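Thanks, everyone. Let me put the model on the screen, and then I will go through a few strands and one helix.

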Amino acid sequence: MKKKRFGLSMSLLLTAGLILGGCGQQGQEEPKTDEGKASEFSVAMVTDVGGIDDKSFNQSAWEGLQKFGEENGLKKGKGGYDYLQSQSDADYATNLNKLVRNDFDLIFGIGFLMTDAITEIAEQKPDNKFAIVDSVVEKPNVASITFKEHEGSFLVGVVAGLMTKTNKIGFVGGMEIPLIEKFESGFIAGVKAVNPNATVEVQYAGAFDKADKGKAIASSMYASGIDVIYHAAGATGNGVFSEAIDLKKQDPNKEIWVIGVDRDQYEEGKVPGTDKSVTLTSMVKRVDVAVYDLATKTKNGNFPGGQAVEYGLKEDGVGIAPTTKNNVPEDVLKQVDEWKQKIINGEVKVPTTRAELK
């Protein structure tokens, strides 16, 4: 009788143990569920050598990414929004791979120089989503963002052609590549459209991160009588501003100007101790808008993989900075608007290469 009771007691204990064990297992599994994970989204970018504070292209892209992150309640860092800065082209693939390992849902490569690295990593990581700005990579997991820089450059060329007093104008490029040739060709076309007598001297620095080289080129140009310089040189262009500001401090009456690029660079041209700026205008390329737009589309399940999305005057992807009115008179701005409408309407086709310019 005792044996039967003992056996019954053991059975009850075992049954209770199994029930409790089952409850315990269910409780342990709850934290592992992916419920709510689908609503999370992380995005990051890799800069080219210009860096995050180039006051130009990379900085504009980061501003767009910051806006996206903040509006979607994301925190800076892993699992939210972030960037990695490249010190040389050798860092591109390494930085992209690092962001892949950190499980970012969308990874931007900022700049034409990152074409090869994006192509390589996208092939290696077909399940990851990438985007490149200022180039086209024909891969199903890469969205390409391009701009009609030549259209915006034409408009600032109109400003330069109408505002120059010496009929001598300069263009400083970063690297002599097809992308920057679009800036150069559109700019010269704009100058010549309104001032056939003007000459445009073109020089390339060979890099986007050499402010000292930009300053030296600007010094030589201003000394030769050039009074307006348009730069499409990233951080190298900071040297152009530096030289113009130095000359303006030495002689406040000296009429020399810089035309900024990619973002409104009016503040970069401020002359210390005055309320003046040497920035005549800026060709604004809305990299921030494009980055924000593509991140939003991807988050909403509309990633345009394998496609090239182009932003021009018609799409408000390029244009001139609103601060242009600070140094440019109304009659010049009116002419700029007229040329803008001609381009949008298809009456004027802006050249993208030197061959088309000729």
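Val172, in strand 6, has Gln203 of strand 7 as its bridge partner. This is a predicted model, so please take what follows in that light. Strand 6 covers residues 168-173, and strand 7 covers residues 199-204. The two run parallel, joined by six bridges. How does the chain get from strand 6 to strand 7? The path goes through helix 6, residues 178-194, and this β-α-β crossover is right-handed.

Now the other neighbour of strand 6. Strand 8, residues 228-232, is also parallel to strand 6, with five bridges between them. On that side Val172 stands opposite His231. So, to put the two sides together, Val172 is matched with Gln203 in strand 7 and with His231 in strand 8. As for cover, five of the six residues of strand 6 are buried.

Next, strand 3, residues 106-110. How many of its residues are buried? Five of five, so the strand counts as mostly covered, with buried meaning under 20% relative accessible area. Leu106, Phe108 and Ile110 point one way, while Ile107 and Gly109 point the other way. Both sets are buried.

Strand 3 also has two partners to show. Strand 1, residues 43-46, pairs with strand 3 in the parallel sense over four bridges. Within that pairing, Ala44 has Ile107 as its bridge partner. With strand 4, residues 129-133, strand 3 makes a parallel pairing over five bridges. There, Gly109 stands opposite Ile132. The connection from strand 3 to strand 4 runs through helix 4, residues 115-124, and this β-α-β crossover is right-handed.

Last, helix 2, residues 57-71. What is its span, first C-alpha to last? The helix has 15 residues and reaches 22 Å, close to the 21 Å expected at 1.5 Å a residue. Its buried residues include Phe57, Ala61, Trp62, Leu65 and Phe68. Gly64 and Gly69 are buried as well, as are Asn58, Gln59 and Ser60. When reading that list, keep the helical repeat in mind: an α-helix has 3.6 residues a turn, so residues three or four places apart point the same way. Just after helix 2 comes Gly73, which takes a positive phi of about 70°.

That is what I have. Questions are welcome.

How values were computed. Residues numbered from 1 in each chain as written. Predicted model: local features only at pLDDT ≥ 70, side-chain atom pairs only at ≥ 80, totals over all residues. Heavy atoms only, no water. Buried < 20%, exposed > 50% of the residue type's maximum accessible area, 1.4 Å probe, protein only. Pairing = 2+ DSSP bridges. Right-handed = clockwise from strand over helix to strand, strands pointing away. Expected span 1.5 Å × (residues − 1).
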